[in-house]
Every structure is written in structure tokens, then in C-alpha cells.
Amino acid sequence: MGAVLAGAYAAKYPQRIRQLILLAPARLKYPVPEEENYLLQQGWKASEEFTGRSEVTQEFEKYNLNRKSPALSSREETARYRINMAKLMLYDISKWTLLNDGKAIFKAHLFPLVESTYPASGWNFLREFNKQQYPVSIIIGDHDFLDFKNPLIKKWASEVPRIKLSVIERAGHVIWLDQPIEFEKQLLLHLNNDQD
């Protein structure tokens, strides 16, 4: 939700923004307009298929986490949880050990609480970006579960021609873990964007 907070701040205090770089943004429009919802649904379906990839099963088997008996230890339960989180967040499931503190950060029951605080009128940050002059960049992985293969973000970026969009291949939502070298390269390029 960091991109949502950044977008809300930029909309409220545009005079304080020199440049905006959004990493794997969740929602630049909320609610998603009905005519664009089909793109979101396409992405969800493809993402669900991807989470069932054989590499996930292999990772569970590697650590014997699919067994019924004996019961999994607390440490093994945590490992299983983190692999399940990683199958959504990462392209390379073997990097699940890098998702530190996953249980503390990703608490699914908190989302409805956060959602209940959203403005009743929703938001459209793209409309706000069009009103301003500061550079806007988006860096996203092509396997981000929030917009798998990026049909929605590509459409949204086309609505603001000055948005610079970088799609990093073989990367999920946590781009910097999947593709650290390419992520750093793209981030540095975008950080220098305001000097064009």
C-alpha cells in the first residue's frame, strides 16, 4: 500500500513533490472502473495459475513440509507460511528465505481494516498526475500478483504519457528480491529521470 500512500500524499501536497517513483503499485485508481475490471480479473486468473507452479511443490518437498505425520514443528509451520507467501510475492520461489518477518508484515486480516478507512469517493491518482509537472515513474515486475503481466498498469500508464514505466522480467511483487541487479539499475535510471 506504499504507492497508495505516496499517491495520496502527492495529490494533497503536489508542491512538495520533486519526483515520484512508485514500486509495484497496488491501485492508482480505486475502485477500479468497471470498464477496466476485466483486465484486473485476467491478471488474477493468470496469477492463480502461476501460484500452482511445480517449483512451489518442489520447495515444500525439499523441506518435507507436505507431510501429515509427524506434525510440523513451529519452525516448519513458519517456513510453510513463508513459502505460501513467496509463491504470491516472488517469481523465484527459492528466495522465500529472504522474505524476513513475513508473518509480521503480511497480515491478511488487516486489509479489511485498512480498506474501511479509504475515502468514500475513492481516488484517481492518474488524474492528479496529469494535473502536475513532476516526473512520475513506475517500476513493476512482470509476475506481480496484483497485476500479472501488467495489463492494467500499462493501460493506466498510457493515460499519463509522461509516466515512465519499467517492467522487470521474471520478477514478482517484491522486485528487489527477485531481480536485485536489474531493480537497482532501473531505480537509478528513474532517480535520474528528473534531470532529463
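This report walks through the fold, the cores, one helix contact, one pocket and the unusual backbone spots of a single protein chain.

**Overall picture**

The model is predicted. The chain has 196 residues, and 42% of them are buried. Its secondary structure comes to ten helices and five strands. Along the principal axes, the C-alpha atoms fill a box of roughly 60 × 40 × 30 Å. Take the contacts with a sequence separation of 6 or more: 70% of these join residues 24 or more positions apart.

**The nonpolar cores**

In soluble globular proteins, nonpolar side chains tend to be buried together. Here the largest nonpolar core holds 25 residues. Which members touch the most others? They are L20, L28, F129 and I163. Several elements give two or more residues to this core: helix 1 (2–12), strand 1 (20–23), helix 2, helix 7 (125–131), strand 4 (136–141) and helix 8. Helix 8 gives the most, with four residues. Apart from this core lies another, of 18 residues. Its members include L65, I83, L99 and L177.

L20 deserves a separate look. Leaving out residues up to four places away in sequence, L20 touches A6, A10, F129, Y134, P135, V136 and S137. One of these partners, F129, is also among the core members that touch the most others.

**Helix 2 against helix 8**

Two packed helices are described by the angle between their axes and the distance between the axes. Helix 2 spans residues 34–51, and helix 8 spans residues 151–159. Their axes come within 8 Å and cross at roughly 145°. Helix 2 makes the contact with E36, L39, L40 and Q42. Helix 8 brings P151, L152, K155, W156 and E159. By class, the contact has five nonpolar, one polar and three charged residues.

Helix 2 also holds S47. Is S47 buried or exposed? S47 counts as buried because its relative accessibility is 3%, and buried means under 20%. Neighbours within four places in sequence aside, S47 is in contact with F145 and F148.

Past the end of helix 8 comes P161, in the loop between helix 8 and strand 5. P161 counts as exposed because its relative accessibility is 70%, and exposed means over 50%. P161 and P25 are 136 residues apart in sequence. In space, their C-alpha atoms are 17 Å apart.

**The second largest pocket**

This pocket has a volume of about 150 Å³. Which residues line it? They are M1, V4, L5, A8, V114, T117, Y118, P119, W123 and F125. Helix 1 supplies the largest share of the lining, three residues. By class, the lining has nine nonpolar, one polar and no charged residues. Helix 1 thus appears in two places: it lines this pocket, and it gives two or more residues to the largest core.

**Unusual backbone spots**

Most residues other than glycine have a negative phi, and most peptide bonds are trans. Four spots in this chain depart from that pattern. The table lists their angles.

| Spot | Feature | Angle |
|---|---|---|
| Y30 to P31 | cis peptide bond | omega near -5° |
| S69 to P70 | cis peptide bond | omega about -5° |
| K149 | positive phi, not a glycine | phi about 70° |
| R170 | positive phi, not a glycine | phi near 55° |

Where do these residues sit? P31 is in the loop between strand 2 (29–30) and helix 2. P70 is in the loop between helix 3 (54–62) and helix 4 (74–89). K149 lies in the loop between strand 4 and helix 8. R170 is found in the loop between strand 5 (164–168) and helix 9 (175–178).

How exposed are K149 and R170? K149 is partly exposed, at 44% relative accessibility. R170 is partly exposed too, with a relative accessible area of 43%. Both get this label because their values lie between the 20% and 50% limits.

**Drawing it together**

Helix 8 ties several of these points together. It packs against helix 2 with axes within 8 Å. It gives the most residues to the largest core. The loop before it carries K149, and the loop after it carries P161.

Methods
Residues are numbered from 1 along each chain as its sequence is written. This is a predicted model: local features need pLDDT of at least 70, side-chain atom pairs count only at pLDDT 80 or more; totals for chains, interfaces and linings use all residues. Side-chain values use heavy atoms; hydrogens and water are left out. Axes are lines fitted to C-alpha atoms, for helices over the stretch in contact, and angles run from 0 to 180 degrees between N-to-C directions. Contact means heavy atoms within 4.5 Å. Ala, Val, Leu, Ile, Met, Phe, Trp, Tyr, Cys and Pro count as nonpolar, Asp, Glu, Lys and Arg as charged, and the others, Gly among them, as polar. A nonpolar core is a set of buried Ala, Val, Leu, Ile, Met, Phe, Trp, Tyr and Cys residues joined through side-chain atoms within 4.5 Å. Buried means under 20% relative accessible area, exposed over 50%, partly exposed in between (1.4 Å probe, protein chains only). On a 1 Å grid over the protein atoms alone, a cavity is a set of points where a 1.4 Å probe fits but cannot get out, and a pocket is an open set with protein on both sides within 12 Å along at least five of seven lines; lining residues have an atom within 4 Å of a point. Grid points are joined across faces, edges and corners, and a volume is the space filled by probe spheres set on the points.
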